[in-house]
There are 2 protein chains.
Amino acid sequence: MSNPSDRPILTVDIVPLTLANGRLCVLRALRPEAPFAGRAALIGGYVHTDEDRHLGDSARRVLTAKAGLSALYVEQLSTFSGPDRDPRGWSASVAYFSLSPLTALQPALEAPGLELVPADEAGGMPFDHDTILAAALARLRGKGAYSDLPARFLEAEFTLAELHAVYEIALGETLNIDAFRRKVMERGFIEESGAKRREPGANRPSLLYQLKAGHAVFDRRM
Amino acid sequence: MSNPSDRPILTVDIVPLTLANGRLCVLRALRPEAPFAGRAALIGGYVHTDEDRHLGDSARRVLTAKAGLSALYVEQLSTFSGPDRDPRGWSASVAYFSLSPLTALQPALEAPGLELVPADEAGGMPFDHDTILAAALARLRGKGAYSDLPARFLEAEFTLAELHAVYEIALGETLNIDAFRRKVMERGFIEESGAKRREPGANRPSLLYQLKAGHAVFDRRM
């Protein structure tokens, strides 16, 4: 039997990633109370068994309550655990990440106690949050240069040039534009939206693309 | 604050997969006590905060205690949760899976209360164990035909023909042998072991291969 007093602490932590000023950035919160009061950390909180239908629900509730973000798609990353990661006791934290355009994080950027920092300058967070952030970046980069993940940093409609640019930033490497175009088309996760956009100074309007159905939304069940 | 009496139940469940008689199989345990006493289910148990250094440790301890398996490499799959999946209350279960040759499961096959069943005949398990098994199979198949995962069903040394056969079984599809050989070599996760083996009736001995360092062992940290 599991004696409730022996039960581990169960929390969720979220890694909201976006692109800003050409850099991969993470949204962090300044912790309002102990432990680690005043330190910048990932946005996290306890599971509420009276209202959460599952841990994905907990992550979305915490994002809404602590960052004013009610419409982010979160994907489960991995669960981190141990006796020492939280000074309050043996704990497990189910980590989630989200990839979104900067506009989707706007409510959080205007709120006090929240900050957007480049992912490669976010080190030194309390708990094992550096490890969780590193795992999120590895997931983003490790799925291969042609997964549909980086496309989630864009608005609903985008040009191929914009798609190419976010993949280069997300993956931290230069990608040959022709090979990129061919591979992305081969993978088949985008389609023409039917609209065009004329960029300033361009002679011809650019075709706009969108993620195909089934690629635009994360699995919310886990 | 998290009141311990409100804390969710935290468990681990393990999906040990192997190949037997040319089929993908899962090891299950007959539950010795309530809930669901007598039913076949995934092997699972509570986290022990006094002895487990992390949840991967919990999974290995449970496998040793309940199945006599002390040397399986487990990889974290995903965490499943909710108020209804366990009749004892709001629970989260961190699921792990292992891929191993049949010989590695031998201690469990000789123990009472354990059974090996084809994965496609394992439906009808209690809790959400059908969902967890389906997620493990999706992980195995979803990493693409040329990930290193199915190779873990083989002994340390294997022929290319054996490798081809386990991939066909694991993925449930026919794979052109020449394309398979080319792709696997391209991916670069196997290397010649330096040994050869003469199969009964063969004119020439076959080259033996092994997984390269870094591919043979799962990350045990999570």
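**Exercise 1. Burial of A:A92**

Determine whether A:A92 is buried or exposed in this predicted model, and describe its surroundings.

*Solution.*
Step 1. The relative accessible area of A:A92 is 0%. Buried means under 20% relative accessible area, and A:A92 is therefore buried.
Step 2. A:A92 belongs to strand β6 of chain A, which covers residues 91–99.
Step 3. With neighbours within four places in sequence left aside, A:A92 is in contact with A:I9, A:L10, A:T11, A:T79, A:F80, A:S81 and A:R85 of chain A, and with B:L10 and B:L55 of chain B.
Step 4. A:A92 and A:V12 are 80 residues apart in sequence, and their C-alpha atoms are 8.3 Å apart in space.

**Exercise 2. Burial of B:S91**

State in which strand B:S91 lies, and identify its contacts beyond four places in sequence.

*Solution.*
Step 1. The strand that holds B:S91 is β6 of chain B, residues 91–99.
Step 2. B:S91 has a relative accessibility of 0% and so counts as buried.
Step 3. Apart from neighbours within four places in sequence, the contacts of B:S91 are B:I9, B:F80, B:S81, B:G82, B:R85 and B:D86.

**Exercise 3. A loop residue, A:A151**

Locate A:A151 and decide whether this residue is buried or exposed.

*Solution.*
Step 1. A:A151 is situated in the loop between α3 (129–142) and α4 (160–171) of chain A.
Step 2. Its relative accessibility is 1%, so A:A151 counts as buried.
Step 3. Once neighbours within four places in sequence are set aside, A:A151 is in contact with A:L163, A:Y167, A:F189 and A:L211.
Step 4. A:A170 stands 19 residues from A:A151 along the chain, with 9.5 Å between the two C-alpha atoms.

**Exercise 4. Backbone geometry between β2 and β3**

Examine the peptide bonds from A:A34 to A:P35 and from B:A34 to B:P35, then the phi values of A:F36 and B:F36.

*Solution.*
Step 1. In chain A, the peptide bond that joins A:A34 and A:P35 is cis, with omega about -5°. A:P35 is placed in the loop between β2 and β3 (40–41) of chain A.
Step 2. In chain B, a cis peptide bond links B:A34 to B:P35, with omega near -5°. B:P35 occupies the loop between β2 (23–30) and β3 (40–41) of chain B.
Step 3. A:F36, in the loop between β2 and β3 of chain A, is a residue other than glycine with a positive phi, near 65°. A relative accessible area of 29% makes A:F36 partly exposed.
Step 4. B:F36, in the loop between β2 and β3 of chain B, is not a glycine, yet has a positive phi of about 65°. B:F36 is partly exposed, at a relative accessible area of 30%.

**Exercise 5. Packing of α4 and α5**

Characterise how α4(A) packs with α5(A) and how α4(B) packs with α5(B).

*Solution.*
Step 1. In chain A, the axes of α4(A) and α5(A), the latter spanning residues 177–187, come within 11 Å and cross at roughly 100°. Angles of 65 to 115 degrees count as roughly perpendicular, and α4(A) is therefore roughly perpendicular to α5(A).
Step 2. A:L160, A:L163, A:H164 and A:Y167 of α4(A) meet A:I177, A:F180, A:R181, A:V184 and A:M185 of α5(A) in this contact. By class, its residues are seven nonpolar, one polar and one charged.
Step 3. In chain B, α4 (residues 160–171) and α5 (residues 177–187) pack at an angle of about 100°, and their axes are 11 Å apart. This angle makes α4(B) roughly perpendicular to α5(B).
Step 4. The α4(B) side of the contact consists of B:L160, B:L163, B:H164 and B:Y167, and the α5(B) side of B:I177, B:F180, B:R181, B:V184 and B:M185. Seven nonpolar residues, one polar and one charged make up the contact.

**Exercise 6. The second largest pocket**

Describe the volume of the second largest pocket and the residues that line this pocket.

*Solution.*
Step 1. The second largest pocket holds about 780 Å³ of space.
Step 2. Its lining comprises 38 residues, and those nearest the centre are A:G44, A:G45, A:Y46, A:K66 and A:R88.
Step 3. The elements that contribute two or more residues to this lining are β1 (9–20), β2 (23–30), β4 (43–46) and α1 (55–67) of chain A. β1(A) gives the most, with five residues.
Step 4. Sorted by class, the lining has 18 nonpolar, nine polar and eleven charged residues.

Methods: Residues are numbered from 1 along each chain as its sequence is written. Chains are lettered from A and ligands numbered from 1 in the order in which they are written. This is a predicted model: local features need pLDDT of at least 70, side-chain atom pairs count only at pLDDT 80 or more; totals for chains, interfaces and linings use all residues. Side-chain values use heavy atoms; hydrogens and water are left out. On a 1 Å grid over the protein atoms alone, a cavity is a set of points where a 1.4 Å probe fits but cannot get out, and a pocket is an open set with protein on both sides within 12 Å along at least five of seven lines; lining residues have an atom within 4 Å of a point. Grid points are joined across faces, edges and corners, and a volume is the space filled by probe spheres set on the points. Helices (H or I, at least four residues) and strands (E, at least two) are DSSP runs, numbered from the N terminus. Ala, Val, Leu, Ile, Met, Phe, Trp, Tyr, Cys and Pro count as nonpolar, Asp, Glu, Lys and Arg as charged, and the others, Gly among them, as polar. Axes are lines fitted to C-alpha atoms, for helices over the stretch in contact, and angles run from 0 to 180 degrees between N-to-C directions. Angles under 35 degrees count as roughly parallel, over 145 as roughly antiparallel, 65 to 115 as roughly perpendicular and the rest as oblique. Contact means heavy atoms within 4.5 Å. Buried means under 20% relative accessible area, exposed over 50%, partly exposed in between (1.4 Å probe, protein chains only).
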